[in-house]
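User: I am new to this model and would like to know how its descriptions are reached. Could you show it to me and explain the terms as we go?

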Amino acid sequence: SKEEGRNRYRFFTDEMQESVREALQLEIDLRRAYRQQEFDIYLQPKICMATESVIGAEILIRWPRPDGSFLPPDVFIPKAEEMGLIHDIGEWVFRETCDTIRSWQQQNRIPLDFTFAINISMRQLHTGHLAEDIAAIVKEVGIDPNCLEVEVTESIMMQDPRVTIDALNALHQQKIKISIDDFGTGYSSLSHLRQLPIDAIKIDKSFVQALESDGQADAIVNTIISLGHNLDMRVIAEGIETEANRQALTAAGCDVAQGYFYAKPMCREDFLDYLDRYSAS
Ligand code: C2E
Ligand code: CA
Ligand code: CA
Ligand code: CA
């Protein structure tokens, strides 16, 4: 009836208003969170599969809510990109990571060749001065840029290859390592891969987790590993959750492992405890 139609219309506009209100609230909260430094960095260990030693960590941003839970970065990072706030947040992550590395090195808490991988988004890569910004922070804090790695998603490469290639080359010239994240999901062309100064590729966790159930995932993982090795890159597997995953990837010749099977992302204090326990066992 006409009455129902009107009600439905009202229902939709209320819902739309609600989602606009929520989106605006997220923007307000994000600006405040940045200003008041509400973010934290968590670390997830990276393990050398051949020696089973911890060789570094991936840095993952965390935004705690008043109730102690975290708003997932998959929710607020795209918003920060849209707002242009990602540059400030990204710089904060870099500075915080570099400060942490320096203090841990000074206290002999980590080996000097430990590598810390930081995620960067396309918007950060495309400013045209990311490498200089990072170089300035690294110099100011006084650490060796060799300790740093950036992870960029494979899909970035397809959007604007020329800009991406220039930006990654500039980072590489600053002695910062580069790995391609979520590899296998982004259809990057092989010729671009060859042109880029890439140190490692990370097999996307969707393939790792399909290993036991899906024969095609097996073929894809093996193909990615030989591709990486043929191009002189290290191959990292993310999202390893089971002993069976670990065995399959070791057998396939994967170099570096990451996932809940080894450890979840941890706050800094827990990460240091983990390293102490790990090296004692
Ligand atoms: P990503 O770079 O692909 O990170 C891997 C995600 O998988 C992380 O989610 C990590 O906590 C999760 N993970 C690790 N091991 C396992 C596992 O064994 N099983 C499963 N199911 N998941 C696992 P998280 O921390 O929620 O981050 C989500 C995404 O947010 C990241 O995906 C990355 O794209 C982005 N992100 C996180 N921190 C930053 C940051 O500082 N800057 C930027 N630009 N993006 C970030
Ligand atoms: Ca990553
Ligand atoms: Ca990933
Ligand atoms: Ca991802």
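Analyst: Let's start with a pocket: the second largest one has a volume of about 150 Å³. This is a predicted model, where local features need pLDDT of at least 70 and side-chain atom pairs count only at pLDDT 80 or more, while totals for chains, interfaces and linings use all residues. Residues are numbered from 1 along each chain as its sequence is written, chains are lettered from A and ligands numbered from 1 in the order in which they are written, and side-chain values use heavy atoms, without hydrogens or water.

User: What makes a space a pocket, and how is its volume found?

Analyst: On a 1 Å grid over the protein atoms alone, a pocket is an open set of points with protein on both sides within 12 Å along at least five of seven lines; a cavity is a set where a 1.4 Å probe fits but cannot get out, and lining residues have an atom within 4 Å of a point. Points are joined across faces, edges and corners, and the volume is the space filled by probe spheres set on them.

User: Which residues line the second largest pocket?

Analyst: Among them are Gln 25, Asp 29, Trp 63 and Leu 71. The lining divides into five nonpolar, one polar and four charged residues. Here Ala, Val, Leu, Ile, Met, Phe, Trp, Tyr, Cys and Pro count as nonpolar, Asp, Glu, Lys and Arg as charged, and the others, Gly among them, as polar.

User: What is the volume of the largest pocket, and which residues are closest to its centre?

Analyst: The largest pocket has a volume of about 1100 Å³. Of its 41 lining residues, Glu 58, Leu 60, Pro 73, Asp 74 and Asn 119 are the closest to the centre. By class, its lining has 18 nonpolar, twelve polar and eleven charged residues.

User: How do you know which residues are donors of the calcium ion (ligand 2)?

Analyst: Donors are N, O and S atoms within 2.8 Å of the metal, or 3.2 Å for Na, K and Ca; water is not among the atoms, so a site may look incomplete. Glu 58, Asn 119, Glu 151 and Asp 181 supply atoms lying 2.2 to 2.3 Å from this ion, so they meet the calcium limit. The pair Glu 151 in strand S4 and Asp 181 in strand S5 links parts of the chain 30 residues apart.

User: Which residue coordinates both calcium ions?

Analyst: Asp 181 does, and the two ions are 4.1 Å apart. For the calcium ion (ligand 3), the protein donors come from Asp 181, Asp 182 and Glu 238, at 2.2 to 2.5 Å.

User: Why is Asp 182 called partly exposed, and why is Glu 238 called buried?

Analyst: Buried means under 20% relative accessible area, exposed over 50%, and partly exposed in between (1.4 Å probe, protein chains only). Asp 182 has 24% relative accessibility, so it counts as partly exposed. Glu 238 has 9%, so it counts as buried. Glu 151 and Asp 181 are buried too.

User: What makes the link between Lys 205 and ligand 1 a polar contact?

Analyst: A polar contact is a pair of N or O atoms within 3.5 Å; within protein, one must be able to donate a hydrogen and the other to accept it, and residues adjacent in sequence count only if both atoms are side-chain atoms. A polar side-chain atom of Lys 205 lies 3.0 Å from an oxygen atom of ligand 1, so the pair is inside that limit. An oxygen atom of the ligand is also 3.0 Å from an N or O atom in the side chain of Asn 119.

Notes: Helices (H or I, at least four residues) and strands (E, at least two) are DSSP runs, numbered from the N terminus.
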